[in-house]
Amino acid sequence: MSDKAREFIDFWAENSIHAVEQYRTAGASQDVAELTRRLIGAAKGQGISEADLRAAIGDIAAYKELLRAANTAESERLQST
């Protein structure tokens, strides 16, 4: 199941984590705990348990480096346009 979980995590992150484009809008600077809860909830909706997520990536909250990378990449993209 961890391959399915990993694919889901990658898909969810790409489609659900975005950098903040304006002050007080949703984006990658959101609280990691909130994003973790949303990931777990979305995975459960797809039949993927929290245990499967942890088997795929370890500590889910430690996945916050993805948030930072998404925020940095989006900020750089916005500045270059």
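Buried residues make up 27% of the 81 residues in this protein, which is a predicted model. Its accessible surface comes to about 5,300 Å², and 49% of that surface belongs to carbon and sulfur atoms. The protein has four helices and zero strands, so in DSSP terms the pattern read along the sequence is simply α-α-α-α.

How far can the prediction be trusted from place to place? The average pLDDT of the protein is 77, and 70% of the residues score at least 70. Confidence peaks in helix α3 (residues 50-57), with a mean of 90. The lowest value turns up in helix α4 (residues 64-80), where the mean drops to 71.

Next comes the question of what touches what along the chain. Take the contacts in the protein with a separation of 6 or more: 66% of them are between residues 24 or more positions apart.

One packing pair is helix α1 (residues 2-16) with α3. Their axes lie 8 Å apart and meet at an angle of about 85°. Angles from 65 to 115 degrees count as roughly perpendicular, and α1 and α3 are therefore roughly perpendicular to each other. On the α1 side, the residues involved are S2, A5, R6 and I9; on the α3 side, they are D52, L53, A55, A56 and I57. Sorted by class, this contact has six nonpolar residues, one polar residue and two charged ones.

Helix α2 (residues 32-45) brings in two more residues to look at, beginning with A43. A43 has a relative accessibility of 0%. The cut-off for buried is under 20%, so A43 counts as buried. Setting aside its neighbours within four places in sequence, A43 is in contact with F8, I48 and L53. A43 and F8 are 35 residues apart in sequence, yet their C-alpha atoms are 7.3 Å apart in space.

L39 also has its place in helix α2. With a relative accessible area of 3%, L39 is buried too. Not counting residues up to four places away in sequence, L39 touches F8, I9, W12, L53 and I60. F8 and L53 thus turn up again, as both are in contact with A43 and with L39. I9, another partner of L39, is also one of the α1 residues that meet α3, and L53 is listed on the α3 side of that contact. L39 and E50 are eleven residues apart in sequence, with 9.2 Å between their C-alpha atoms.

For a contrast, is E7 in helix α1 buried or exposed? E7 has a relative accessible area of 58%. Exposed means over 50%, so E7 is exposed. A56, from the α3 side of the helix contact, is 49 residues from E7 in sequence, and the C-alpha atoms of E7 and A56 are 9.3 Å apart in space.

How values were computed
Residues are numbered from 1 along each chain as its sequence is written. This is a predicted model: local features need pLDDT of at least 70, side-chain atom pairs count only at pLDDT 80 or more; totals for chains, interfaces and linings use all residues. Side-chain values use heavy atoms; hydrogens and water are left out. pLDDT is the predictor's confidence in each residue, from 0 to 100. Axes are lines fitted to C-alpha atoms, for helices over the stretch in contact, and angles run from 0 to 180 degrees between N-to-C directions. Angles under 35 degrees count as roughly parallel, over 145 as roughly antiparallel, 65 to 115 as roughly perpendicular and the rest as oblique. Contact means heavy atoms within 4.5 Å. Ala, Val, Leu, Ile, Met, Phe, Trp, Tyr, Cys and Pro count as nonpolar, Asp, Glu, Lys and Arg as charged, and the others, Gly among them, as polar. Buried means under 20% relative accessible area, exposed over 50%, partly exposed in between (1.4 Å probe, protein chains only). Accessible areas come from the Shrake-Rupley method with a 1.4 Å probe; for residues, only the protein chains shown count as cover.
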